[in-house]
Amino acid sequence: MKNEETVRKFLNGFNDKARFQESLDVLAEDYKFKNPMVELNSKAEFIPLAKSIGEVLTEVEIVNLAAIDDWVAVSYIFKTQIPGVEVNPATEWFRLENDLIQESHLIYDASEWRKVYANMQ
């Protein structure tokens, strides 16, 4: 599977709860995830966060995707029904190896999301 297809599969799993496991299946066991508020160092650490976020997302709309070598950069908009964070432009950088996502770095304005995260925990 090409790296771009793997990343699309990962993101599309957040659009269809029946396919959510497919998102998790493309992550390496030692997957590293970073966003403006958390840094996680394994797939096991990431799963609870992904499930929580998956419950509030209504759509992940891919705007642009570019790949070179082991890296895929995606510009997307993630949407929720949560007041104050309904539409969220983001960029995420993925590094892949052997058809698995090894790490990703999600960049977005987390100003209002800090409140949402506080209520999730």
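Aspartate 99 is partly exposed, with a relative accessible area of 38%, where partly exposed lies between buried, under 20%, and exposed, over 50% (1.4 Å probe, protein chains only). This is a predicted model, in which local features need pLDDT of at least 70 and side-chain atom pairs count only at pLDDT 80 or more, while totals for chains, interfaces and linings use all residues. Residues are numbered from 1 along each chain as its sequence is written, and side-chain values use heavy atoms, with hydrogens and water left out.

**Loop aspartates**
- Aspartate 99 sits in the loop between strand S5 (87-97) and S6, and although it is not a glycine it has a positive phi of about 65°; strands (E, at least two residues) and helices (H or I, at least four) are DSSP runs numbered from the N terminus.
- Aspartate 69, in the loop between S3 and S4, has a positive phi of about 55°, again without being a glycine, and is exposed at 68% relative accessible area.

**Isoleucine 107**
- Isoleucine 107 belongs to strand S6 and, at 42% relative accessibility, counts as partly exposed.

**Cavity**
- The whole structure holds 1 cavity of 30 Å³ or more, a cavity being a set of points on a 1 Å grid over the protein atoms alone where a 1.4 Å probe fits but cannot get out, with lining residues having an atom within 4 Å of a point.
- Its volume is about 250 Å³, taken as the space filled by probe spheres set on the points, which are joined across faces, edges and corners.
- The lining has 19 residues, with Phe33, Ile53, Leu57, Tyr76 and Leu106 nearest the centre, and H3 supplies the largest share, 4 residues.

Notes. 1 Å grid on protein atoms, 1.4 Å probe; cavity = no way out; pocket = protein on both sides within 12 Å on 5 of 7 lines; lining within 4 Å.
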